[in-house]
Amino acid sequence: MITDGFLFLGVLLAMAGVIVYVERRKQYALFRYVPGFVMLYLGAAALNTAGVFGDSESIEAVGSGVQDALLPAMILLLLFRCDVRKIVRLGPKLLLTFAVTAVSIVIGFIVSYLIFQGLLDEGSWRGLAALSASWTGGSANMVAVQGILEAPENIFGHVLIVDTIVYSLWLLVMFSSVAFSDRFNRWTKADTSHLDVHAVADTEDEARPIDLTSLMTLIAFSLFVSAIAWQIGGVLPEIGIVVTGTTWTILIVSVLGLIIGSTRLGKTAGSTEVATIMLYVIIGIIASGSDFSSIAEAPLYLLAGLVVVIVHGLIMAIYAKLTRTELFSIAVASTANIGGVASAPVVAGAFNRQLVPVGVLFALIGAFGGTFVGLLTGQILAVL
């Protein structure tokens, strides 16, 4: 059992290194359908489930510390060369997609509750309402709704397990869907020409040689900005339960990244590679907290949660087909709701770096509205 934080991080980096090497050098057919970061997610989650990673303060400190340092830095680098004007041209359809995503999750809770109502504990609707706040906003919204509705502690404990497991599974699905985006887009007949333009521009910029100067500039600058953003975010006033130090930090690096995208610094070669390395590390740390053995503790609630995401997925697939919406918009909107600020930009970057600010925007909108959506869901479930 690994309880040392440095060894824990070393194992994750070693796994990522092997996976990237095999993916890029061996050209196995498997990686056409399962991206490397999905393999890392599965591997790290499997190790944790098997008990390889122990529960220790050292691992917790190293994991949370590294993730806190790299997440703002990665978002900053992913926003380099991001053309804000082209994002604006995407128009109100993105906001519609986000709204439909939130509504589909609420419908999923209604359907699931109608199915399992007679089997769940009395007052289960309170816990499910708190869970809906998490899946349309974030953990802070979940705690707020739990406090307002006074969900029983045992039920709240069950939905916490469901939140962790289903979120982990759904995040895995979103990461895996990257490999099937072209097929999905052909099925929906989505117009992705605007992304083709972005891809050409990125290719032209990446043609510049990556050297020690560019790598040192990117690593040093991004981590320095991450540290400063955390410091500034920590002293800015918190507004309610949504706008916290983390929210301010993500906003700071996002705005700065968009500004840098129109400068010469934004064209520094290697930003994609450095951001991808950070992406792998973050995914490994997130996955190392997944323990699928806890499924047995709340089977009915887990089934109820799975029904929610299945209904959500079906509604979004129908929406995408009817409106000819591309998969990355659907995936980012879904992750922003179920995942939040930490995961939406990561999934957005896995699809296309140009959508990172959209992921941040979606997550922040959800963070503001998740509490109200959770309370609305609770009101509906209470009268069923």
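This is a guided tour of a predicted model, moving from the whole chain to single helices and residues.

**The whole chain**

Begin with everything displayed and coloured by secondary structure: the protein has 18 helices and zero strands. If you then colour by relative accessibility, buried residues account for 53% of the 384 residues in the protein. With a surface switched on, the accessible area comes to about 17100 Å², and carbon and sulfur atoms contribute 67% of that area. A contact map is a useful companion here, since 84% of the contacts between residues at least 6 apart in sequence join residues that are at least 24 apart.

**Helix α1**

Select residues 5-26, which form helix α1, a run of 22 residues that spans 31 Å between its first and last C-alpha atoms, close to the 32 Å expected at 1.5 Å a residue. Show side chains for Gly5, Phe8, Leu9, Leu12, Met15, Ala16, Ile19 and Glu23, the buried residues of α1. Turn the view until you look down the helix axis: these buried residues fall within an arc of 125 degrees, so they line one face of the helix. On the face turned away from that buried side, pick out the exposed residues Phe6, Val18 and Arg25.

Next, go to the two ends of α1. At the N-terminal end, aspartate 4 acts as a cap, with a side-chain oxygen 3.2 Å from the backbone nitrogen of phenylalanine 6. After the helix comes glutamine 27, whose phi is positive, near 60 degrees.

**The nonpolar cores**

Hide the surface and select Phe37, Tyr41, Met74, Ile75, Trp135 and Phe175, which touch the most other members of the largest nonpolar core, a set of 98 residues. Helix α9, residues 153-176, gives the most to this core, with 13 residues. Apart from this core lies another one, of ten residues, including Phe98, Ala336, Ala344 and Val358.

Centre on methionine 74 and display its surroundings: leaving out residues up to four places away in sequence, methionine 74 touches Ala275, Met278, Leu279, Ile282 and Val346.

Move along to leucine 76, which lies in helix α4, residues 57-78. Leucine 76 is buried, with a relative accessible area of 0%, and, again leaving out residues up to four places away in sequence, it touches Phe221, Ser222, Val225, Val253, Leu256, Gly257 and Ile260. A distance label between the C-alpha atoms of leucine 76 and leucine 223 should read 9.4 Å, although the two residues are 147 residues apart along the chain.

**Helix α7**

Select residues 124-136 for helix α7, whose 13 residues reach 18 Å from first C-alpha to last, close to the 18 Å expected at 1.5 Å a residue. Colouring by accessibility shows that α7 is mostly covered, with twelve of its 13 residues buried; among them are Trp125, Leu128, Leu131 and Trp135.

**Serine 214 in α12**

Now select serine 214, which belongs to helix α12, residues 212-235. Serine 214 is buried, with a relative accessible area of 7%, and a polar atom of its side chain lies 2.8 Å from the backbone oxygen of aspartate 211. Outside its neighbours within four places in sequence, serine 214 is in contact with Pro209, Thr268 and Ala269.

**The end of α10 and the loop before α16**

Finish at threonine 188, in helix α10, residues 181-188. Is threonine 188 buried or exposed? Its relative accessibility is 1%, and threonine 188 therefore counts as buried. Not counting residues up to four places away in sequence, threonine 188 touches Ala320, Lys321, Arg324 and Thr325, and its side chain reaches the backbone oxygen of threonine 325 at 3.4 Å.

One residue further on, lysine 189 sits in the loop between α10 and α11 (193-206). In contrast to the buried threonine 188, lysine 189 is exposed, with a relative accessible area of 56%, and its phi is near 60 degrees, a positive value in a residue other than glycine.

Across the contact with threonine 188, arginine 324 is found in the loop between α15 (299-323) and α16 (327-338). The phi of arginine 324 is likewise positive in a residue other than glycine, near 55 degrees.

Note on methods
Residues numbered from 1 in each chain as written. Predicted model: local features only at pLDDT ≥ 70, side-chain atom pairs only at ≥ 80, totals over all residues. Heavy atoms only, no water. Helix = DSSP H or I, 4+ residues; strand = E, 2+ residues; numbered from the N terminus. Buried < 20%, exposed > 50% of the residue type's maximum accessible area, 1.4 Å probe, protein only. Polar contact = N/O pair within 3.5 Å; in protein donor to acceptor, adjacent residues only side chain to side chain. Contact = heavy atoms within 4.5 Å. Core = buried A, V, L, I, M, F, W, Y, C linked by side-chain atoms within 4.5 Å. Areas by Shrake-Rupley, 256 points an atom, 1.4 Å probe, with all protein chains shown as cover. Expected span 1.5 Å × (residues − 1). Arc of directions from axis to C-beta.
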